Amino acid sequence: MNVTRRQFFRVCAAGLGGSSIAMMGFSPTAALAEVRAFKLARATETRNTCPYCSVSCGVLIYTTGDKSKNAHGSIIHIEGDPDNPVNRGTLCPKGAGLKDMIHSANRLKWPEVREAGTAEWKRISWSDAFDRIAKHMKADRDANFMAQNADGVTVNRWTSTGYLASSAAQNEVGYLTVKTLRALGITSLDTQARI
Amino acid sequence: MTNHWVDIKNADLVFVMGGNPAEAHPCGFKWVIEAKKTRKAKLVVVDPRFNRTASVADYYAPIRAGTDIAFLGGVIHYLLANDKLHHDYVKAYTNASFLVDPAFKFEDGIFSGYSEEKRSYGKDTWKYQLGEDGFAKVDDTLQDPQCVFQLMKAHYARYTPDVVSKITGTPKDAFLKVCEYIADTAAPNKTMTNLYALGWTEHSVGSQNIRCMAIIQLLLGNMGMAGGGINALRGHANVQGITDFALYAQNLPGYMGAPGDADKDLATYLEKRTPKALRPGQMNFPQNFPKWFVSLQKAWWGDAATKETDFAYAYLPKLAGASDTLSIFNAMFEGKINGFFCQGFNPLASVPNKRKVGDALAKLKYLVIMDPLATDTSEFWKPHGEFNEVDPGKIQTEVFRLPTSLFAENAGTFTNSGRVVQWRWKAAEAPGDSKDDTEILAALFLRLKDMYAKDGGAFPDPILKLTWAYTQPAKPSPEELLREINGKALADVLDPKDPTKVLAKAGEQLGTFAHLRDDGTTTCGNWIYCGVWSQAGNNSARRDNSDPSGLGQTLNWGFAWPVNRRILYNRASADLAGKPWDPKRTVLKWAGDKWVGNDVPDMRPDAKPEENVMPFIMNPEGVGRLFSRELMAEGPFPEHYEPFETPLDANPLHPKNPKATSNPAARVYKGDMEAFGKAKDFPYVATTYRLTEHFHYWTKQSLINAIMQPEQFVEIGEELAKEKGIVAGDKVKVRSNRGFIRAVAVVTKRIKALEVDGRKVHTVGIPIHFGFKGATKPGFLTNTLTPFVGDANVQTPEYKAFLVNIEKA
């Protein structure tokens, strides 16, 4: 007997469990497999690293879709990477909640500015944000850059703009940050690693 | 970590002090359990709280927060007094036999050379006696009264079990029991691993806490051994990597000291940082400093960095003096900073004395937040009830908030605390208009470069000439950046022993920092990472977890710096002849013509044992330091000083010298000294800590974590609760001299009152994690309470020991 997917749902809804139907020889054909397919089976698995503590547990991230160019996947599940020699598939209460961090209601989605003396955020474009910040930086650097100290030693530093760097950023970000900041002459620089 | 996470399973004793890995690093802590199960290892915990690590320990001892040096100094005394030393190791592999300047003194809590006015030391006497050959003098019998061994013995003779107990509040029998466990590992084939975290670093004597353990591990011969070492557990997933890349002012990538005002030219700078060997025949690896530095300058300024331009030395800013989170916020507070960037960093929550930090931010002209989340700092100007009482109309700071991608939404490498660099892959796009940090940096940099090219301005050269050869200049890829970090040959690199042999051809990625040159023919963005992306490709992406030795080394998983070495100082795991101290856990051995084993040798591969090349190759001495010369701010031997807010009237070791009450070399700013509370007003010791369900101020934004731990609480012992009439669940107000917080009281048996110097001392435990932004119940920032003072060497704030009062709210 053939049962369509829709009929199958109706039968189930009438109070019979799927497995007992199968035992009675009342097995729907191909369509049933689709009903039972796990979302994970159609997701793409990506190896990544938990961003919390320095155990740096390996994680497997499951994203809907196949990462084709025009598809925007969403992260639907994260679990420990069983091949990782350190965590061997485990995650702690912090790491087990990673998905809620990614989908936090407090994720920022666009650039904003709070103008001097005002009490609210205002959405702005990236281009405006970059222009305004770069202008602030140049004005401050040109006004306060110190080429030589009182003893006439060349020091080429800019201390009046500071930077606190994330230790949750990857090495490549850290490297580009330090390279860029040193070129600008910034010395008021520190990281979470200290505190 | 000198060792790595999986290596913990090789220990005979796991000693945890200044950390709580069962809750803060649960998935790494499994290797402690593994050691207990498979090696019958013991776990010993010393902590102010009976925490969850203590709950599975073989032995637990309580301690008053901020007295670790008294405890560990007592351990050193116990080992010396009871002759529980690994004698051959101490004699050969440490500076025990080195002779110290006779003018070096320690009197009434102060070392020679102190200036009270400057709160710092002149260190002229903190040095070895040198012979005419320029090498340090030694006495192999260890009997000379000026040798390090005898000086150390005299220094710690004061740290008797009674004195230790009087200062720390640890019962004497408990202290002695811990000593016995530790002393057992003096046997050559027994090892202790030490696990610590912020419980040791977040003190005004943090660095010296760790120095104590370095001394203990050297006396026991546990450095370089599988299952040994000193292992900082560390915080964020890439806190190790970001430290390696020197996202702080004092260093350049790879721990190269950054130039300061005294380094007027390249020659002066290099000379000061290129040490000469202090004993004959030693590797003295930092002698290669010029190769690392010139290769970095070539990576950054390419053709502009030539011999003629002193490799663009002038392009590097010279450091004026202190530059760290506390000094930067102090300068901001004084109105000396106009612009500020917070990249994935929430200083209003995580820097001590929230009121001072908020007032400082309000003096900025512009503040730029780069973060995936809406942080408390980004809204420092916004009223959030009693949690953040401010008037936006009075705050003239322009605040930009730029959304960035987070770990799942970008690719690149994290370096774990075991120094293993692991590539991770991008799993999804970031929400909305978020951008990667690299795109934001590139956009700002390219705009500035355009403006300087068009309009000129202050010293444009280092900006205009910075190398930027990325395929998409506005979007440098992590692959390109990691290749740049690794470095390459600009001309053929020849073998100095046989110039007909080419080690690396021009244009090739380098395989090791041994191939770096100081003549401008190589580039390298961080010398300790050289090899991470060699000609073989991206070694951080390797995922072969095979472990032929069974020691957990997994040499083909990712890439460990340096040169894929998993255990530092591993030459010390074998005796002078090259025979492993414990053949069952062979890390390295001498095979007649070279060093072989289960790790990359931390030794010249063909250095014959009879050449006496000692294992601590980064030290000009060649050996480990029991006496740290002039390298620490407050003395060559760690000494106990009280926290800046102490429940006692004086340092029990120096009751008559007020200069020696707290760290005499710690920096205290004007106004902050006055903001320290006194025991008569704030009688209880407070210590901050972390919960297993939360990560810093980050997971309060994650719903499931907020459900698990929804609200701020403070933890007190039953006795204090009874005294103050507080029952579990009451709302309490906790005050320090800098502010107050309100929270729910949790009354437990985990924190007990201690008998200290003839009085009873109670401790209040205060979790961090909560704030006014997030999915958790809005609350006070814990750092409203903490003091604005740091460790004398690295300025890590004293979050772990201060004074409060508590009452029913």
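Here is a short back-and-forth on a predicted model with chains A and B.

Student: What average pLDDT does chain A have, and where does it stay under 50?
Tutor: Chain A has 82% of its residues scoring at least 70, and its average is 87. Where pLDDT is low, the predicted coordinates should not be read in detail. So go easy on the 19 contacts beyond four places in sequence that the model has for the low stretch. The stretch under 50 in chain A is residues 1–24.

Student: Is Leu60(A) buried or exposed?
Tutor: Start with where it sits: Leu60(A) is in strand S2 of chain A. Beyond its neighbours within four places in sequence, Leu60(A) contacts Glu45(A), Arg47(A), Glu79(A) and Asp81(A). The cut-off for burial is 20 or more other C-beta atoms within 10 Å. Leu60(A) has 20 of them, so it counts as buried.

Student: How far is the C-alpha atom of Leu60(A) from that of Asn48(A)?
Tutor: Along the chain, Leu60(A) and Asn48(A) are twelve residues apart. In space, their C-alpha atoms are separated by 6.2 Å.

Student: Which element gives the most to the side of chain A that touches chain B?
Tutor: Look at the whole interface to begin with: 104 residues of chain A are in contact with 136 residues of chain B. Elements supplying at least two residues each on the chain A side include strand S1 (43–49), helix H5 (126–144), strand S7 (154–165) and helix H6 (171–184). That side divides into 48 nonpolar, 36 polar and 20 charged residues. The top contributor, with 13 residues, is H6(A).

Student: Which residue of S12(B) is the bridge partner of Gly162(A)?
Tutor: Here the pairing crosses from one chain to the other: S7(A) runs parallel to strand S12 (residues 339–343) of chain B, with four bridges. Gly162(A) has its partner in S12(B), and that is Phe340(B).

Student: Does the radius of gyration of chain B agree or disagree with a compact globule, and what is its value?
Tutor: For 809 residues, a compact globule would come out near 28 Å. The C-alpha trace of chain B spans about 85 × 70 × 55 Å along its principal axes, and buried residues make up 60% of the chain. The radius agrees with the globule value, because chain B has 27 Å.

Student: Which strands are at the edges of the sheet S3-S2-S1-S8-S9 in chain B?
Tutor: This is an open sheet of five strands with parallel pairing, and neighbouring strands are turned by 20° on average, direction ignored. Inside it, S1 (residues 13–17) and S8 (residues 192–196) of chain B are joined by four bridges, with Phe15(B) partnered by Asn194(B). An edge strand pairs on one side only, and here those are S3 (59–61) and S9 (230–232) of chain B.

Student: Which residue of S27(B) is the bridge partner of Val734(B)?
Tutor: S27 (residues 739–748) of chain B pairs in the parallel sense with S25 (residues 713–717) of chain B over five bridges, and there Glu715(B) is matched with Val746(B). S27(B) also pairs with S26 (residues 731–736) of chain B, this time antiparallel over six bridges. S26(B) and S27(B) form a hairpin with two residues between them. In that antiparallel pairing, the partner of Val734(B) is Ile741(B).

Conventions:
Residues numbered from 1 in each chain as written. Chains lettered and ligands numbered in written order. Predicted model: local features only at pLDDT ≥ 70, side-chain atom pairs only at ≥ 80, totals over all residues. pLDDT = per-residue confidence, 0-100. Contact = placed C-beta atoms within 7 Å. Pairing = 2+ DSSP bridges. Nonpolar A, V, L, I, M, F, W, Y, C, P; charged D, E, K, R; others polar. Axes fitted to C-alpha atoms, helices over the stretch in contact; angles between N-to-C directions. Rg over C-alpha atoms; globule rule 2.2 N^0.38 Å. Buried ≥ 20, exposed ≤ 12 C-beta atoms within 10 Å, placed from the backbone.
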